[in-house]
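Student: Could you take me through the annotated binding-site residues in this structure, and what surrounds them? I would enjoy one connected walk rather than a list.

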Amino acid sequence: MTTPEITKAVKLLREGRLVAIPTETVYGLGADATNESAVRKIFLAKERPHDHPLIVHIGNIEQLQDWAREIPPAAMKLARAFWPGPLTLILKKQPQVLDIVTAGQNTVGLRIPRHPVARELLEAFGGGIAAPSANRFTRISPTTAHAVAEELGGKVDLILDGGPCEVGLESTIIDMSGETPVILRPGAITAHAIAAELGLPDIASPYAQHETRAPGMHHLHYAPRTRTILIETENIPDMLLALDRDDFPAAFVVNSDVIMPQNDKIRCIKMPHEAAAYAHDLYHTLRKLDHQDFKWIIIETVPQGEAWDAIRDRLLKATGSR
Ligand code: TXA
Ligand code: MG
């Protein structure tokens with residue numbers, strides 16, 4: 001990334017325009033978080049309903065108090081331990097934080113991303129950048145600059161290309177504004193890692209119940225256009241038998257060593273065995289498959305265990321299985 005590119009991005013943000021930003025999780029669609037008309041453009045570009053609050057990205061921990069108040073020591077602990085990185089803290093907001101950013105709630109989501117391009121931009125900009133994932137509402141989050149262009153094309157004034165996103169899934173969201181910490185969206189930073197940092201036995205993660213507060217939870221979020229279903233490993237052989245002419249070609253996305261046919265009707269994509277590598281590839285794989293003329297995308301369920309929580313969550317949403 002060249003510095004002139006960052007200079008241009010800062011100029012655009014100051015003019016109230018939209019800049020797509022690479023982060024380590026997914027690409028974000030950024031605007032100056034203090035400029036109401038700029039933030040409004042984000043909702044227009046994404047076709048996102050206004051009751052869905054945005055995350056404000058900041059460049060350093062000192063800026064936290066510009067956005068949040070009554071920050072509990074536990075939140076500071078998490079910020080110091082995991083920032084910059086894929087963790088979003090929900091905190092009580094400062095009065096001046098725009099309603100359009102918080103969807104009128106009294107809390108605000110904050111995160112310091114660790115992608116070097118995002119960090120350089122935030123440092124040069126000096127303020128908060130409101131940025132949801134740079135996809136149209138309910139679609140798969142983009143993990144490359146190319147995917148952003150596909151999703152939002154002419155609606156964004158500049159796309160900073162920072163290469164493929166390292167993590168590949170959206171940040172962990174933890175609500176630190178109440179009595180006890182609650183995970184609203186699982187991500188690369190696990191409940192166990194957070195609990196260990198806070199010296200707690202465990203952390204509540206009733207994320208399935210937070211329909212309105214975390215729109216990522218909506219039925220059919222992060223969804224391909226192609227009909228997509230989730231299937232247990234042991235049901236794959238029956239599924240193969242049940243498919244008929246109208247169902248072909250069908251794509252299978254597997255992660256176990258299940259033996260699969262590979263022919264002009266069935267295409268089998270073998271995903272990595274390791275959770276972080278699987279997460280890195282998932283959205284990119286689904287996006288690629290969605291561009292082909294498959295009648296079905298059939299995804300094998302993933303292993304139990306916390307390392308797979310975020311992946312399992314996104315697969316359930318991509319297939320409307322909740
Ligand atoms: O990894 C990420 O978090 C990416 C990158 C770009 O930072 N951003 C992202 O933004 O995934 P978005 O808008 O697609 O998802 C943000 C989630 C939404 O589900 C939203 O409801 C939740 O964060 N959120 C934001 N502010 C909130 C608040 N004050 N209270 C509860 N949930 C909030
Ligand atoms: Mg999103």
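Tutor: Happily; here is a walk through the two annotated groups, followed by a helix that meets one of them. This is a predicted model, in which local features need pLDDT of at least 70 and side-chain atom pairs count only at pLDDT 80 or more, while totals for chains, interfaces and linings use all residues. Residues are numbered from 1 along each chain as its sequence is written, chains are lettered from A and ligands numbered from 1 in the order in which they are written, and side-chain values use heavy atoms, with hydrogens and water left out.

Let's begin with the group that clusters. An unreviewed UniProt entry lists Thr25, His57, Arg111, Ala131 and Ser171 under "binding site"; these positions are in the numbering used here, feature names are shortened, and annotations may be inferred rather than shown by experiment. The five span 147 residues in sequence, yet no two of their C-alpha atoms are more than 12.6 Å apart, so they gather at one spot.

Ser171 sits in the loop between β7 (158-159) and β8 (172-175); helices (H or I, at least four residues) and strands (E, at least two) are DSSP runs, numbered from the N terminus. With a relative accessible area of 2%, Ser171 is buried, where buried means under 20%, exposed over 50% and partly exposed in between (1.4 Å probe, protein chains only). Setting aside residues up to four places away in sequence, Ser171 touches Thr25, Arg111, Thr88 and Arg185, among others; contact here means heavy atoms within 4.5 Å. Its side chain also makes a polar contact of 2.8 Å with that of Thr88. Such a contact is a pair of N or O atoms within 3.5 Å; within protein, one must be able to donate a hydrogen and the other to accept it, and residues adjacent in sequence count only if both atoms are side-chain atoms.

Ala131, in the loop between β6 and α7, is buried too, at 6%. Beyond its neighbours within four places in sequence, its contacts include Gly28, Ile55 and His57.

Now for the other group. The UniProt annotation "binding site", again from an unreviewed entry, covers Arg48, Thr107, Ser133, Ser141, Arg185 and Tyr222. These span 175 residues in sequence, and the farthest two C-alpha atoms are 24.2 Å apart, so they do not all gather at one spot.

Arg185 links back to Ser171: the backbone oxygen of Ser171 is 2.9 Å from a polar atom of the Arg185 side chain. Arg185 belongs to strand β9 (residues 182-185) and counts as buried at 11% relative accessibility. Ser133 lies in the loop between β6 (129-130) and α7 and is buried at 17%. A polar contact of 2.5 Å joins its side chain to that of Asn135, and, leaving aside neighbours within four places in sequence, its contacts include Val26, Lys46 and Ser141. Arg48, in the loop between α2 (36-46) and β3 (55-57), is likewise buried, at 14%.

Finally, Ser141 leads us to helix α10. Ser141 is one of the residues touched by Arg287, along with Glu150 and Glu151, not counting residues up to four places away in sequence. Arg287 is found in α10 and is buried at 10% relative accessibility. Helix α10 (residues 275-290) bends by about 35° at Leu282, the angle between axes fitted to the seven residues ending there and the seven starting there. Its buried residues pack against α7 (145-152), β11 (250-254), β12 (266-270), β13 (296-300) and α11 (309-318).
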